[in-house]
Amino acid sequence: MKNNKKLAVVIIIIGILYAVIFAVVMFIVIFQPYTVYENPDLIAGRLDGSSSKINYRASTQDGITTINCKKMTGMDTIWKYQADKDMTLQMHYNLKVTAGKAKLVLITPDDTIVTLTEQETTAYSNTETLDTESTAELTLKKGTNRLKIVCEKGTAFSLSFHITDS
């Protein structure tokens, strides 16, 4: 009889621990994308699991990568380059944010974050972001360099880019 009571207590404790761990994991999964935009540790991290996307389409043709997204919260790695030495490349890009706030960042192997561009629309603004191509110099360090698109809650955007030697 005592063994049955002990077993029942152990099962209840394990169930409670499982529920607490499950709740913490769900909290992180649900709310982490909302905290990414201003958090350099999350942006520099190697994981991209902290994003939610609706109608996210990416394609590459003739060296030009095009991404369209109806709604995104969080971040996504859009380009990786393993540099054999320190070097500089040119990126020609067109970022158009139609709702929300987004930034394009370069992350070097030492986790330094360089913001290449940032755009925001506001509820009070009736002007659309101009559809113009821009250029950014990518100063790459030896090792794996990454480009990420980072979005605040519910950002809609289109991005096209290609990278060439300087």
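Which residues form a nonpolar patch on the surface? In this predicted model, the patch consists of Ile12, Ile16, Val20 and Val24, which together have about 360 Å² of accessible area. Ile12 is found in helix α1 (residues 2-35), and Ile12 counts as exposed because its relative accessible area is 52%, with the cut-off for that class set at over 50%.

Strand β4 (residues 101-107) and strand β5 (residues 113-120) run antiparallel and are joined by seven bridges; Lys103, for instance, has Glu118 in β5 as its bridge partner. Five residues lie between the strands of this hairpin, where Asp111 takes a positive phi near 65 degrees.

The count of salt bridges comes to three, and they are set out below.

| Salt bridge | N to O distance | Accessibility of the basic residue | Accessibility of the acidic residue |
|---|---|---|---|
| Lys53 and Asp76 | 3.5 Å | Lys53, partly exposed, 34% | Asp76, buried, 12% |
| Lys101 and Glu118 | 3.9 Å | Lys101, buried, 16% | Glu118, partly exposed, 41% |
| Arg146 and Asp111 | 3.5 Å | Arg146, buried, 2% | Asp111, partly exposed, 35% |

The salt bridge between Lys53 and Asp76 links distant parts of the chain, with Lys53 in strand β1 (residues 51-61) and Asp76 in strand β2 (residues 64-83), 23 residues apart. Glu118 also meets Lys101 in a salt bridge, and because Glu118 lies in strand β5 and Lys101 in strand β4, this pair ties together parts that are 17 residues apart in sequence. Asp111, the hairpin residue with the positive phi, forms a salt bridge with Arg146; Arg146 lies in strand β7 (residues 143-165) and Asp111 in the loop between β4 and β5, so the pair ties together parts that are 35 residues apart in sequence.

Conventions
Residues numbered from 1 in each chain as written. Predicted model: local features only at pLDDT ≥ 70, side-chain atom pairs only at ≥ 80, totals over all residues. Heavy atoms only, no water. Patch = residues over 30% accessible without salt bridge, like charges linked within 9 Å, V, L, I, M, F, W, Y side chains within 5 Å. Areas by Shrake-Rupley, 256 points an atom, 1.4 Å probe, with all protein chains shown as cover. Salt bridge = Lys/Arg side-chain N within 4 Å of Asp/Glu carboxyl O. Helix = DSSP H or I, 4+ residues; strand = E, 2+ residues; numbered from the N terminus. Buried < 20%, exposed > 50% of the residue type's maximum accessible area, 1.4 Å probe, protein only. Pairing = 2+ DSSP bridges.
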